[in-house]
Amino acid sequence: MKSAVGVRILIALLACGCGAAAIAQDAQIEPGSERPMFTRLKPALHSPKNQIEAAGTPLQTWNGSFIYKGITYHYNMVGTAPASTSAATVPVVIIPVKIVLQNGSGFDPASIVSKVTGSPIFNTGVDFQSGGVDFGTTQYINAYQRANFYGVGHSGFGLLLGTPTLKSEVTLTVPKRYGSTGVVFGFNAGLVDINYFDAQVHSLLTSLGITSNTFPIFLTRDVYLTQNHSCCIGGYHSATGVLGSAQSYAHATYVTHNGSFAEDVSALSHEVGEWADDPLVNNNGNPTPCNGSLENGDPLENNPNFGTFPYSLGGFTYHLQDLVTLPYFGAPPSTSVSSEFTFHGESLNVCANGA
């Protein structure tokens, strides 16, 4: 892992010319109206403008499909196909984002970055099991994906995240119109409008020179995103750039308050899991029979403890969100390990909790 060096980048208010929805909301919310949410933003993609754009290196993905009630559903996922004899490894870049609000409040992720990079999302110290099968000491998403396609996959198949490259911390000074604080889930959190935040992300993706075969993750601490005066979004993922070699990316917040929504890396585990199964590379999302896209974390976010399970690694207890498997969306139950509908074995029916 590379150390964060250099001067922090101060980002002023940027005009949104990135294809995201227009910025028009104040981040204020009604007291007591908070609810746990994740989302994805419609990708801002365009055809290649020149040969240089056309020659971009795409994220490593594969295509598959399943049939449910006579309808074929196609999907595009990160990595190599389950029949592959080896795992794919995708490079990762982490960009810590310090949020500074006009009321003087600051939310700095510097102190928790090492917890993130040392978590089971990037490290292999946890022995993961699902459906009675031991998947060994590996990363969480690798264990999940192997369980997801256990019935049809090769034993060497998997999806690994490379050792994260850590970029210099970015300081985002949020105009009053788009940022505030509020007591939600029992603590005073930063609240930032998602469309404003995403506009800054698009600018950073350009200025930081991140390549499209790399997965950038924007990390905040104790900050929720808001949308249309609603709170609280723990993370989101999307894509931008050129059709055929789109730049996927994600945001996740790290909440330092025990028992709160998006505690430690739970939001990150949600977003990385959804990025893996629905990266939005060449379309507007993988469709399913559940009246939505193939978002494998959303159906479980309202479960007890927000769908998270504790795992210890390096002397710290992390919380990882459970993820549904492909049979939940209508694929044959034999696709997943022991015909499970979630990695942690929750009893569900097809589309029982929606998309």
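## Helix α4 and its surroundings

At 1.5 Å a residue, the 14 residues of helix α4 (residues 194-207) should span 20 Å, and the 20 Å between its end C-alpha atoms agrees with that. The expected span here is 1.5 Å times one less than the number of residues. Helices (H or I, at least four residues) and strands (E, at least two) are DSSP runs, numbered from the N terminus.

A word on what you are looking at: this is a predicted model, in which local features need pLDDT of at least 70 and side-chain atom pairs count only at pLDDT 80 or more, while totals for chains, interfaces and linings use all residues. Residues are numbered from 1 along each chain as its sequence is written, and side-chain values use heavy atoms, with hydrogens and water left out.

Let us stay with α4 for a moment. Of its 14 residues, 11 are buried, so the helix is largely enclosed by the rest of the structure. Buried means under 20% relative accessible area, exposed over 50%, and partly exposed in between (1.4 Å probe, protein chains only). Among the buried residues of α4 are I194, Y196, F197, V201, L204 and L205. At the start of the helix, a side-chain oxygen of D193 comes to within 3.0 Å of the backbone nitrogen of N195. After α4 comes G209, with a positive phi near 65°.

Just before the helix sits strand β15 (residues 187-193). Six of its seven residues are buried, so this strand too is largely enclosed by the rest of the structure. Its pairings are set out below; two strands pair if DSSP finds at least two bridges between them.

| Partner of β15 | Sense | Bridges |
|---|---|---|
| β14 (residues 179-184) | antiparallel | six bridges |
| β17 (residues 223-227) | parallel | four bridges |

G182 has A189 in β15 as its bridge partner, and L191 stands opposite Y224 in β17. β14 and β15 form a hairpin with two residues between them, and F185 in the turn has a positive phi of about 50°.

F185 is worth a closer look. With a relative accessible area of 18%, F185 is buried. Setting aside neighbours within four places in sequence, F185 is in contact (heavy atoms within 4.5 Å) with residues including E34, P36, Y224, C232 and F306. The C-alpha atoms of F185 and G259 are separated by 8.6 Å, although the two residues are 74 apart along the chain.

Y224 also appears in the largest nonpolar core, where it is one of the residues with the most contacts, along with V116, F122, L268, V272 and W275. That core has 54 residues. Apart from it lies another core, of 27 residues, among them F197, V201, L204 and L205. A nonpolar core is a set of buried Ala, Val, Leu, Ile, Met, Phe, Trp, Tyr and Cys residues joined through side-chain atoms within 4.5 Å. Leaving aside neighbours within four places in sequence, W275 touches L59, V78, V90, L159, L161, F215, H237 and S248.

Another residue to visit is N286, in the loop between α5 (266-277) and β20 (287-288). At 1% relative accessibility, N286 counts as buried. Its side chain reaches the backbone nitrogen of N76 at 3.0 Å.

Finally, the whole protein: its secondary structure comes to five helices and 23 strands. Of its 355 residues, 56% count as buried. Among contacts between residues at least 6 apart in sequence, 71% join residues at least 24 apart.

Terms used
A polar contact is a pair of N or O atoms within 3.5 Å; within protein, one must be able to donate a hydrogen and the other to accept it, and residues adjacent in sequence count only if both atoms are side-chain atoms.
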